[in-house]
Amino acid sequence: FDVSEESKKNLEILIELMNKYPDMVIELSSHTDSRGEETYNQNLSQRRADAVKDWMINNGIARDRIKAVGYGESQILNQCIDGIECDEDGHRFNRRTEFKILEGPSSIRIEKTRLRQKEGN
């Protein structure tokens, strides 16, 4: 549940957005695949969400602007649930951290060129 270098690139964009919109409060929601025990996955996803929150705090975002929530395997996005055989890509698709705006702007603008710049770094 360490923050990967690839994830840091995306999180840098989120930090820029939060700096641009200082009243923005977000929920970081982390998810696991369906493999493993449900309780383990719940705890793992919470640790992942907390790790991202800590990284963002260490990069200048106030603690009270981030709510970290682990959802475990409760929000699978494809057919890869318990009892269904899936390949690694199918399981990887479900392992993710998302964010949603809880308070602040009702809409945000992200420049496509900014996203392309991050991809090129």
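Begin the tour by selecting histidine 31 together with glycine 72, which is its bridge partner in strand β2. The model on the screen is a predicted one.

Next, extend the selection to the two strands. Strand β1 covers residues 25–31, and strand β2 covers residues 66–72. These strands run parallel to each other, and six bridges pair them.

Now select residues 38–58, which form helix α2. The chain leaves β1, passes through this helix and arrives at β2. The resulting β-α-β crossover is right-handed.

Return to strand β2 and display its surroundings. Why may this strand be described as largely enclosed by the rest of the structure? Five of its seven residues are buried, so the remainder of the structure largely encloses it. For the side chains, a general pattern is useful to keep in mind: in a regular strand they alternate between the two faces of the sheet.

Then show the whole protein as a cartoon. Which elements does it contain? There are four helices and three strands. Followed from the N terminus, their order is α-β-α-β-α-β-α. The C-alpha trace spans about 45 × 30 × 25 Å along its principal axes.

Switch to a display of contacts. Where residues at least 6 apart in sequence touch, 73% of the contacts join residues at least 24 apart.

Finally, turn on the surface. The accessible surface amounts to about 7,700 Å², and carbon and sulfur atoms account for 46% of that area. Of the 121 residues in the protein, 36% count as buried. Colouring by charge brings out 19 positive and 23 negative charges, whose mean positions lie 6 Å apart.

Definitions and conventions. Residues numbered from 1 in each chain as written. Predicted model: local features only at pLDDT ≥ 70, side-chain atom pairs only at ≥ 80, totals over all residues. Heavy atoms only, no water. Buried < 20%, exposed > 50% of the residue type's maximum accessible area, 1.4 Å probe, protein only. Contact = heavy atoms within 4.5 Å. Areas by Shrake-Rupley, 256 points an atom, 1.4 Å probe, with all protein chains shown as cover. Lys, Arg positive; Asp, Glu negative; His and termini not counted. Charge placed at Lys NZ, Arg CZ, Asp CG, Glu CD. Pairing = 2+ DSSP bridges. Right-handed = clockwise from strand over helix to strand, strands pointing away.
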